[in-house]
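Hi,

Here is the structure I promised to pass on. Have a look at it first, and then read my notes underneath.

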Amino acid sequence: MNVDGKAYRTIWLREDGRTVEIIDQTRLPHEFVTVVLRTLDDAVHAIRSMQVRGAPLIGVTAAYGVCLALGVDESDESFNAAYDALLASRPTAINLRWALGTMRGALSGAAGDDRVAVAYETAARIADDDVASCKAIGEHGAELFAGLARDKKEQKGAEPLNILTHCNAGWLATVDYGTALAPVYTAFDAGLALHVWVDETRPRNQGASLTAWELGQHGVPHTVIADNAGGHLMQHGRVDVCITGSDRTTSAGDVCNKIGTYLKALAAQDNGVPFYVALPHSTIDWCLSDGIADIPIEEREAREVTHISGLGEDGSVITVQVTPEGSPAANVAFDVTPARLVTGLITERGVADASAEGLVALYPERAE
Ligand code: MRU
C-alpha cells in the first residue's frame, strides 16, 4: 500500500533487526506518524491504546511483542509473562491468541536453538502469511465483485458497483492489503468502476478517519456516511453489496465484528443486498460455535462515546464533549452477526458458505 506514493506495511522491523516500527493509527487521518516499539510494554501499549488495531495487525504486533520480551530474557518465564500480558491487551480478536499460540509452538520446538532468532523468524512468517492471505482474499473477492458488476450492468445498465463497508478492514487493519478492502483494491486496480460507502463507525470513527484515508491514498472513489444511513441507502437501491471484516468467526460461521455490523447485516437481508465478510484463517475460532453466547465482547471506556476528536479551525487536533455533563455512556465495541445473515465468507482459500459445512469444505483439515 502506498502513502503519498511510498510503499509501506503497517508494521516492520527496523534496520537493527530487533526494534519494531508501526504507523500510529491514533494520529490518522490528520497526521502520519510512526512509532518505534522497543519493549514488551511498548507492544502491549500499542495494542491497548489502538496505535495498532484490526484483528490481523493486533496478532502480528503481539508476535513481535514476544520477540521484544525474549530479546531481554529468553527464559520460559519471560515468554509466559509476555504471553499473558499480550493476551490481556484486547479480548475480542482471536488473531491475538492465534499468533501467540503460533509463537509458543515454534519456541517450544526450539530447545537449544537461538530462541530470539526463532522468535523473530516466526513473527516475520506470521506477518508474511497475513500479507499472502489478504492478497488472496483480494483476488477471490474481486472476482465476486466483477460478477456483481456484470449483473448490475445487464439488469440496470448502470455502473459503478456501490459497496458499503463498516469500520476499517483495510490495509491499516492488517499488515498489507486488508481483508474487506483487499477486494476493493484488487477490483479497482483491474479497472472495475466502483464506489465505496464508508460507515463513519462511531464511537472511534475508524471508517471516517482510517478507511476514508486509505481509500483516498489509493484513489478509490468513496463517500463517508453517518452510521445510520446504510439502511436508507439500501432501501433506495444505492448499495449493491456490503463487505466487512471480522475479529472472530466461529466454526459455525457467526461473525463478530465492530459494533454496528449486525444492524447492517439485518438491513442488507431486508433489502436483498448480499452481505459478505472477508477474513483470513487466523480469524476463525474453531473452538467456538455459538458466537452470541461465547465470544468475549470488549467494553471500552465511556469517554470514547462522550467525546470526539477532530481537526479544529486552527488546524490542530482537538477533543470536544458531545454529551451533557453527567450523562452516563456505555461503549460496547463489537457485535455478532449470526451466520444466517451472511451471504458468504471470503477467505484466502476461496468463498465459503457461512456454516460449519461451508468452512470445513474449505478447511478439510479441521473436520473432526
Ligand atoms: O476496534 P478495532 O478498530 O480493532 O476493530 C476493527 C474491526 O472491527 C475490523 O473490522 C476487524 O478487525 C476486521 S480486520 C481486517
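I started with helix α7, where the buried residues are Q206, G207, S209, L210, T211, A212, W213, E214 and L215. Bear in mind throughout that this is a predicted model. The helix covers residues 206-218, 13 in total, and spans 17 Å from its first C-alpha to its last, close to the 18 Å expected at 1.5 Å a residue. Its buried residues pack against quite a list of elements: β1 (2-3), β6 (161-165), α6 (181-189), β7 (194-199), β8 (222-225) and β11 (255-258). Right after α7 comes G219, with a positive phi near 80°.

One of those neighbours, β6, is worth a stop. Five of the five residues of β6 are buried, so the strand is largely enclosed by the rest of the structure. In general, the side chains of a regular strand alternate between the two faces of the sheet. In β6, L161, I163 and T165 sit on one side and N162 and L164 on the other, and both faces are covered.

Which strands does β6 pair with? One is β7, in the parallel sense, over five bridges, and there N162 stands opposite H195. To get from β6 to β7 the chain passes through α6, and this β-α-β crossover is right-handed. Another partner is β9 (residues 241-244), which runs parallel to β6 and is joined to it by two bridges. Here L164 is the residue opposite C242.

Now for the connecting helix. L181, A182, P183, V184, Y185 and A187 are buried in α6. Among the elements covering them are α5 (115-156), β6, β7, α7 and β9. Just after α6 you will find G191, which has a positive phi of about 100°.

Finally, go back towards the start of the chain and look at β4 (residues 20-23). Both of its faces are covered too: V20 and I22 are buried on one side, E21 and I23 on the other. β4 runs antiparallel to β3 (residues 11-13), with three bridges between them, and W12 has E21 as its bridge partner. The hairpin of these two strands has six residues between them, and in it G17 takes a positive phi near 70°. β4 also pairs with β5 (residues 34-37), again in the antiparallel sense, this time over four bridges. In that pairing, I23 is partnered by T34.

That's everything from me for now.

Cheers

Methods:
Residues numbered from 1 in each chain as written. Heavy atoms only, no water. Expected span 1.5 Å × (residues − 1). Buried < 20%, exposed > 50% of the residue type's maximum accessible area, 1.4 Å probe, protein only. Contact = heavy atoms within 4.5 Å. Pairing = 2+ DSSP bridges. Right-handed = clockwise from strand over helix to strand, strands pointing away.
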